[in-house]
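This briefing introduces a protein structure to a reader who has not met it before. Please keep the sequence and the model in view while reading.

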Amino acid sequence: MVVVGAGIAGLVAAWELLREGAKFDVTVLESERRAGGVIVTERVDGFVVEGGPDGVLASEPEVPALAAELGIGDHVVSQLARGTSVWSGTDLRPIEEGRAATLLGIDVKNADLGAGFRTFAGGMGELVAALTARLAGTLHLAQGASGLVRDGTRWRIAITGGSAYDADAVVLALPAWAAGRVLETIGVHHGRSLAEVPYLSSITVSLAYRADQIGRSLEGAGFVVDSDSNHIRACTYASSKFPGRAPEGHALLRAFLQPLEGDPAVVAHRELATILAIRGEPLWSRVFYWNRGLPRYRRHHAEHVAAVRRQLARLPPLAIAGAGYDGAGVSACIRSGRAAGRLIARLMAR
Ligand SMILES: Cc1cc2nc3c(=O)[nH]c(=O)nc-3n(C[C@H](O)[C@H](O)[C@H](O)COP(=O)(O)OP(=O)(O)OC[C@H]3O[C@@H](n4cnc5c(N)ncnc54)[C@H](O)[C@@H]3O)c2cc1C
């Protein structure tokens, strides 16, 4: 069976199938030269830099459970600094966590925020590294699926460049806009509603400083911005929020910006310098562009997804998994990947 897409959802789907024992021959196809999708952790001069997600809500059990299965349960670490401020354009003051989430358009319960966040000592990339180590031999990078064709009771996955893989079952663990297009080509009418799920684009900029460059004391884990005169929407004090993010005597900040003209690192530093009284230039900066990074479900989303799944049930084993369907957070994607893997295992056992 073939899993298309090696983001967290696809990796977990493959892991779930492999956990079923030697019963299944699993292949994971990923178009990029690295696995993990939007989960990217880099190490720069002793700093741990997150490009995408930096943690999950501590109230969510999925990441610790998966980490325990993968033998890295003891690498899970909890949030240190707590609390968020709001920048009004002139003033930085503490704010209730729930209000900060609302300002960012994040739908999360106050009770869940109360327990804080968790991550890995070496960043979220640890989860991807542990999964890819377990999936060694099954993971094929730089293998972008360009189409899916039904061949009787089986599937043929066409690969950009001309090769193909045959499979008796497929998990499509792609962003909804990509999966929807594939599904439309095999006659799944509701595929269009998936292809049209809007995804927001954003930019994250990590900036490293010596601690003595920052004039203002960093209270809490960061701030959100409630002012139209800024490009920054929020900033995480990464080195305060989680342990081990920066060498002693240094600070790592991460700014979130909407797509903009110009160099996001220059803009982020300029605005942070004003808000946090930063002197001098950053030691370095790292920009990640997330073109269509995060889905925003529209009205009737759940019904559209259910309709697609009903249509898939009439085809040879084919499942969808990932952020585009039942929740965009890492924990929801783990649940989604596991559910897809279990569904395929059940269908293959018939
Ligand atoms: C900037 C940012 C910050 C975030 N922060 C958090 C956070 O702090 N906490 C949290 O819980 N969530 C966070 N999220 C959300 C969460 O990280 C993602 O929704 C989740 O990781 C998506 O996983 P996925 O496997 O569904 O999709 P992806 O990670 O998008 O994986 C899909 C994979 O499919 C591959 N692919 C695409 N097309 C093809 C093809 N044709 N053939 C083969 N492979 C293909 C892609 O290259 C990719 O590897 C954040 C997201 C972003 C963008």
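**Charges and overall form**

The protein carries 37 positive and 35 negative charges, and the mean positions of these two groups lie 5 Å apart. The structure is a predicted model. Its secondary structure consists of 11 helices and 20 strands. The radius of gyration is 21 Å, close to the 20 Å that the globule rule gives for 350 residues, so the protein is as compact as a globular protein of that length.

**Dimensions, burial and surface**

- Taken along the principal axes, the box filled by the C-alpha atoms of the protein is roughly 65 × 40 × 40 Å.
- Of the 350 residues in the protein, 52% are buried.
- Among contacts with a separation of 6 or more, 73% are between residues 24 or more positions apart.
- The protein has an accessible surface of about 15,800 Å², and carbon and sulfur atoms account for 51% of that surface.

**Aromatic pairs**

- The protein contains four aromatic pairs.
- One of the pairs joins Trp 177 and Tyr 199: the ring centres are 6.4 Å apart and the planes stand at 90°, so the pair is edge-to-face.
- Trp 177 belongs to helix α6 (residues 176–185) and Tyr 199 to strand β15 (residues 199–210), so the pair ties together parts that are 22 residues apart in sequence.
- Trp 177 has a relative accessibility of 18% and therefore counts as buried, the cut-off being under 20%.
- Tyr 199 counts as buried as well, at 11% relative accessibility.

**Gly 341 in helix α11**

- Helix α11 covers residues 330–349 and includes Gly 341.
- Gly 341 has a relative accessible area of 1% and is buried.
- Beyond residues up to four places away in sequence, Gly 341 touches Ala 13, Glu 16 and Leu 17.
- Gly 341 and Thr 119 are 222 residues apart along the chain, and their C-alpha atoms are separated by 24 Å.

**Val 171 in strand β14**

- Val 171 is part of strand β14, which comprises residues 170–172.
- The relative accessible area of Val 171 is 1%, so this residue is buried.
- When neighbours within four places in sequence are left aside, the contacts of Val 171 include Val 2, Val 3 and Val 4. Val 171 is also in contact with Ala 13, Ala 319, Ala 321, Ala 340 and Ile 344.
- A separation of 8.8 Å lies between the C-alpha atoms of Val 171 and Gly 337, although these residues are 166 residues apart along the chain.
- Ala 13 appears among the contacts of Val 171 and also among those of Gly 341.

**Thr 27 in strand β2**

- Strand β2 (residues 27–29) contains Thr 27.
- With a relative accessible area of 15%, Thr 27 is buried.
- Outside its neighbours within four places in sequence, Thr 27 is in contact with Met 1, Val 2 and Val 3, and also with Thr 138, His 140 and Tyr 165.
- Val 2 and Val 3 are contacts of Thr 27 and likewise of Val 171.

**The loop between β10 and β11**

- Ala 142 is located in the loop between β10 (139–140) and β11 (145–151).
- Although Ala 142 is not a glycine, it has a positive phi of about 55°.
- Ala 142 is partly exposed, its relative accessible area being 32%.
- Gly 144 is also placed in the loop between β10 and β11.
- Gly 144 is buried, at a relative accessible area of 14%.
- Not counting residues up to four places away in sequence, Gly 144 touches Glu 30 and Ser 31, together with Ala 158, Ile 159 and Thr 160.
- Gly 144 and Glu 32 stand 112 residues apart in sequence, and the distance between them in space is 7.4 Å, C-alpha to C-alpha.

**The loop between α9 and β19**

- Ala 277 occupies a place in the loop between α9 (264–276) and β19 (284–295).
- A positive phi of about 55° is found at Ala 277, although this residue is not a glycine.
- At 38% relative accessibility, Ala 277 is classed as partly exposed.

How values were computed
Residues numbered from 1 in each chain as written. Predicted model: local features only at pLDDT ≥ 70, side-chain atom pairs only at ≥ 80, totals over all residues. Heavy atoms only, no water. Helix = DSSP H or I, 4+ residues; strand = E, 2+ residues; numbered from the N terminus. Rg over C-alpha atoms; globule rule 2.2 N^0.38 Å. Buried < 20%, exposed > 50% of the residue type's maximum accessible area, 1.4 Å probe, protein only. Contact = heavy atoms within 4.5 Å. Areas by Shrake-Rupley, 256 points an atom, 1.4 Å probe, with all protein chains shown as cover. Lys, Arg positive; Asp, Glu negative; His and termini not counted. Charge placed at Lys NZ, Arg CZ, Asp CG, Glu CD. Phe/Tyr/Trp six-rings, centres within 6.5 Å; stacked < 30°, edge-to-face > 60°.
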